[in-house]
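Thank you all for coming. I would like to walk you through one chain this morning, so please have a look at the screen before I begin.

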Amino acid sequence: MAARRALKAVLVDLSGTLHIEDTAVPGAQEALQRQAILHVQLTNMFVGFMELECKICLLTPEFYFSRLRATSVMVRFVTNTTKESKKDLLERLKKLEFDISEDEIFTSLTAARNLVEQKQVRPMLLVDDRALPDFKGIQTSDPNAVVIGLAPDHFHYQILNQAFR
């Protein structure tokens with residue numbers, strides 16, 4: 001019999017999975033809550049509580065999702081979008097009634113910023129202006145690296161020539 005491994009993380013894609021632009025994918029909020037319920041039940045965290053729930057049925061999906069977050073399971077909402085800052089993305093998700101906190105969101109801009117800080121480089125930022133807040137405090141004068149994201153307004157000969165120098 002194979003050894004049972006504990007679940008350590010739940011990664012949930014955002015764009016196209018939970019939302020498309022300013023519209024929640026139908027059933028997305030409920031799917032997140034069901035996933036949390038399933039995990040909590042499978043880990044038998046509330047053996048006595050589960051019996052109580054079956055008799056009284058007072059526990060809500062929101063209760064289970066908060067309990068999932070309270071376990072050692074890391075929950076992250078991920079996306080490869082580079083067109084907006086994490087703060088703007090979070091605002092969009094809140095308007096769509098997703099119960100997500102900023103520290104649970106990991107974007108490609110987050111990864112880029114982490115790498116820039118780790119390598120201690122000064123990037124030229126070829127990203128949409130709405131993404132710039134994710135690089136607040138990063139030194140960009142006299143660049144020795146380039147970060148490229150979705151930025152059609154910045155992709156022209158002069159800027160690209162500058163980036164390649």
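I will start with the chain as a whole, then turn to its strands, and finish with one residue in a loop.

Please keep in mind that this is a predicted model, in which local features need pLDDT of at least 70 and side-chain atom pairs count only at pLDDT 80 or more, while totals for chains, interfaces and linings use all residues. Residues are numbered from 1 along each chain as its sequence is written, and side-chain values use heavy atoms, with hydrogens and water left out.

The chain holds six helices and seven strands, where helices (H or I, at least four residues) and strands (E, at least two) are DSSP runs numbered from the N terminus. In sequence order they follow the pattern β-β-β-α-α-α-β-α-β-α-β-β-α. Of the 165 residues in the chain, 36% are buried, a word that here stands for under 20% relative accessible area, with exposed being over 50% and partly exposed in between, using a 1.4 Å probe and protein chains only.

Let us look at strand E4, residues 74–79. In a regular strand the side chains alternate between the two faces of the sheet. In E4, Val75, Phe77 and Thr79 point to one face and are buried, whereas Met74, Arg76 and Val78 point to the other and are not. Strand E1, residues 9–13, runs parallel to E4 and is joined to it by five bridges, with Leu11 having Arg76 as its bridge partner; two strands count as paired if DSSP finds at least two bridges between them. E4 is also joined to strand E5, residues 105–107, by three bridges, again in parallel, and here Phe77 has Ile105 as its bridge partner. Between E4 and E5 the chain passes through helix H4, residues 86–95, in a right-handed β-α-β crossover, meaning that, with the strands pointing away from the viewer, the path from the first strand over the helix to the second runs clockwise.

Moving on to strand E6, residues 123–126, Pro123 and Leu125 point one way and Met124 and Leu126 the other, yet all are buried. E6 pairs in the parallel sense with strand E7, residues 145–148, over four bridges, and Leu126 stands opposite Ile148.

Finally, is Phe135, in the loop between E6 and E7, buried or exposed? Phe135 counts as buried because its relative accessibility is 3%. Leaving aside residues up to four places away in sequence, Phe135 touches Leu109, Ala112, Arg113, Leu125 and Val147, contact meaning heavy atoms within 4.5 Å.
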